[in-house]
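Biologist: Can you pull up the model for me? I'd like to go through a few features with you.

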Amino acid sequence: MLMTTNEPVNTGHLAEHEAAALYRLMTWLSPAFPVGGFSYSSGIEWAVEAGDIVDIATLADWLDAMLGDGSGFCDATFLVHAYRAAEAGEDVSLRDIAELAAAFVPSRERQLETTSQGRAFIDIARAAWDADGLDAMVAACSTPLIYPVAVGVVAALHGVPLAPTLHAFLHALVSNWISVASRLIPLGQTDSQRVLVMLEAAVAATANRALGATLDDLGSATFRADLASLRHETQYTRLFRS
């Protein structure tokens, strides 16, 4: 049946606030956003040299563990709690979350990685994506904000919804890990996409778990990945800073 000009047409347009939120997330968590993520491997470089990661299957297994049982889940949980504290204007709670998040980082290089990216994210947000209350929130913290905490704070102050922020953050995290591995193993572009497909359910599961997690639920059991980040410090040849 033909549609007349008097009938409403559903064009599928995003509401203005939805479009703004999507635009910000695509910008902030794009590889082009200058936080320097490309220069860090989160210990993956050592894992490749040690023979733990050699192909798409072993890479997917390694990253699945990092997501669900390691830094992926911890970072996601810290993002959630930092977002909620910033949204509620709870400076003291945010300070405590930031201190705990910094203490959870297992190695010196990972500390450098996440604090450097967090600092860059806040600096760029202030310069180009400023929001009311951002300076006060950052000043209330007695320790530099690690990357997921910084993302959570900025997203909350911009009114970007938490769930898509968390999913986008984890997608960007996994994408960067895969990009690192693609240069080290190496992997082709198609195989890199296959790994991303293999981890889709793990990203969603980690995000959903973090949304309901308390700070008491935090914990990591990826001992080999933590060891990789420690041993990378003395690795003879390195492309990456962690």
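Modeller: Here it is. Keep in mind that this is a predicted model.

Biologist: Cysteines to start with. How many disulfides?

Modeller: The count comes to zero disulfides.

Biologist: Why is Cys74 not in a bond?

Modeller: Distance. The closest cysteine sulfur belongs to Cys141, and it is 19 Å from the sulfur of Cys74, which is too far for a bond. The cut-off for a disulfide is 2.5 Å between the sulfurs.

Biologist: And Cys141, what is its nearest cysteine sulfur?

Modeller: That of Cys74, 19 Å away. Cys141 is in no disulfide.

Biologist: Is Cys74 buried or exposed?

Modeller: Cys74 counts as buried, because its relative accessibility is 6%. Cys141 counts as buried too, at 10% relative accessibility.

Biologist: Salt bridges next. How many?

Modeller: The count comes to eight salt bridges. One of them joins the side chains of Glu109 and Arg238, at 2.5 Å from N to O.

Biologist: Where do Glu109 and Arg238 lie?

Modeller: Glu109 is in helix 6, while Arg238 is in the segment after helix 12 (223-231). They are 129 residues apart in sequence, so the pair ties together distant parts of the chain.

Biologist: Which is it for Glu109, buried or exposed?

Modeller: Glu109 is buried, at 3% relative accessibility. Its partner Arg238 is partly exposed, with a relative accessible area of 39%.

Biologist: What does Arg110 pair with?

Modeller: Glu113. Their side chains meet in a salt bridge at 3.3 Å, N to O. About one helical turn separates Glu113 and Arg110, because they are three residues apart in helix 6.

Biologist: Are Glu113 and Arg110 buried or exposed?

Modeller: Both are buried.

Biologist: What about Asp123, which residue does its side chain meet?

Modeller: Arg126, in a salt bridge of 3.9 Å, N to O. Asp123 and Arg126 also sit three residues apart in helix 6, so about one helical turn lies between them. Asp123 is partly exposed, with a relative accessible area of 39%. Arg126 counts as partly exposed as well, at 34% relative accessibility.

Biologist: Which residues share a network with Arg126?

Modeller: Asp123 and Asp135. Salt bridges with shared partners join Asp123, Arg126 and Asp135 into one network.

Biologist: Changing topic. What is the volume of the largest pocket?

Modeller: About 620 Å³. The lining of the largest pocket has 31 residues.

Biologist: Which of them lie nearest its centre?

Modeller: Leu29, Pro31, Ala172, Leu173 and Asn176.

Biologist: Which helices supply at least two residues of that lining?

Modeller: Helix 1, helix 6 (108-128), helix 8 (147-157) and helix 9 (162-184).

Biologist: And where does the largest share come from?

Modeller: Helix 9. It gives ten residues to the lining of the largest pocket.

Biologist: Last topic, the surface. Which residues make the nonpolar patch of about 310 Å²?

Modeller: Leu14, Leu22 and Met26 make that surface patch.

Biologist: Where is Leu14 placed?

Modeller: Leu14 is in the segment before helix 1 (16-28).

Biologist: How does Leu14 count for exposure?

Modeller: Partly exposed. Leu14 has 49% relative accessibility, and the exposed class needs over 50%.

Technical notes
Residues numbered from 1 in each chain as written. Predicted model: local features only at pLDDT ≥ 70, side-chain atom pairs only at ≥ 80, totals over all residues. Heavy atoms only, no water. Buried < 20%, exposed > 50% of the residue type's maximum accessible area, 1.4 Å probe, protein only. Patch = residues over 30% accessible without salt bridge, like charges linked within 9 Å, V, L, I, M, F, W, Y side chains within 5 Å. Areas by Shrake-Rupley, 256 points an atom, 1.4 Å probe, with all protein chains shown as cover. Salt bridge = Lys/Arg side-chain N within 4 Å of Asp/Glu carboxyl O. Helix = DSSP H or I, 4+ residues; strand = E, 2+ residues; numbered from the N terminus. 1 Å grid on protein atoms, 1.4 Å probe; cavity = no way out; pocket = protein on both sides within 12 Å on 5 of 7 lines; lining within 4 Å. Points joined across faces, edges and corners; volume = space filled by probe spheres on them.
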